[in-house]
Amino acid sequence: MIDPLASASQIAASGLRAQSTRLRIVAENLANAQSTGTTPGADPYVRKTVSFESVLDRTIDAASVKVKALGVDNAPFRLEHDPSHPAADENGNVKMPNVNPIIEMADLRETTRSYEANLQVMKQVRNMFSTTIDLLRNS
């Protein structure tokens, strides 16, 4: 028989791990939003993406989430005219990363909320364990 509290805890833990990975990817994207190439015409930083999948965890007999793949965004690079930049091509254009800070901030907010929701589940499970132990002590 599978303990439902332990199952809930493991499901929330899988969500925390997945959202932690997503937070790291968003942070990398934001940190490199201005990272250009170092040689003329070189490609800049490419936005990274993360995708999830639901998997059946047979140890708890329930679905959990895990990172399916880390990928890159194939959106085109922005071009900025800056002839003095070391990465400028013969026309003076510099390829800028395909990172949109507004999208990254929206992803960051969504990820933070998902992380907090999973954390709340963990806290509730811990409280239920404590309440159960208290009930057993007093009976």
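**A guided tour of two paired helices**

Begin by selecting residues 91-135 in this predicted model. Over this stretch the chain is 78% helix and 9% strand, and its end C-alpha atoms are 76 Å apart. The UniProt record, an unreviewed entry, annotates residues 91-135 as "domain: Flagellar basal-body/hook protein C-terminal".

Next, select residues 10-36. An annotation in the unreviewed UniProt entry, "domain: Flagellar basal body rod protein N-terminal", covers residues 10-36. Here the chain is 81% helix and 0% strand, with 41 Å between the end C-alpha atoms.

Now select residues 4-31, which form helix 1. Its 28 residues reach 40 Å from the first C-alpha to the last, close to the 40 Å expected at 1.5 Å a residue. Which residue caps the N-terminal end of helix 1? Display the side chain of D3: one of its oxygens lies 3.2 Å from the backbone nitrogen of L5, and D3 thereby caps that end.

Finally, add residues 101-138, helix 2, to the view. Helix 1 and helix 2 pack with their axes 9 Å apart, at an angle of about 160 degrees. Angles over 145 degrees count as roughly antiparallel, and the two helices are therefore roughly antiparallel to each other. The crossing of helix 1 and helix 2 is left-handed. Colour the residues of this contact by character: 19 are nonpolar, nine are polar and four are charged.

Definitions and conventions. Residues are numbered from 1 along each chain as its sequence is written. This is a predicted model: local features need pLDDT of at least 70, side-chain atom pairs count only at pLDDT 80 or more; totals for chains, interfaces and linings use all residues. Side-chain values use heavy atoms; hydrogens and water are left out. Helices (H or I, at least four residues) and strands (E, at least two) are DSSP runs, numbered from the N terminus. The expected span of a helix is 1.5 Å times one less than its number of residues. A polar contact is a pair of N or O atoms within 3.5 Å; within protein, one must be able to donate a hydrogen and the other to accept it, and residues adjacent in sequence count only if both atoms are side-chain atoms. UniProt positions are given in the numbering used here, feature names are shortened, and annotations may be inferred rather than shown by experiment. Axes are lines fitted to C-alpha atoms, for helices over the stretch in contact, and angles run from 0 to 180 degrees between N-to-C directions. Angles under 35 degrees count as roughly parallel, over 145 as roughly antiparallel, 65 to 115 as roughly perpendicular and the rest as oblique. A crossing is left-handed if the near helix is turned anticlockwise from the far one by less than a right angle, and right-handed if clockwise. Ala, Val, Leu, Ile, Met, Phe, Trp, Tyr, Cys and Pro count as nonpolar, Asp, Glu, Lys and Arg as charged, and the others, Gly among them, as polar.
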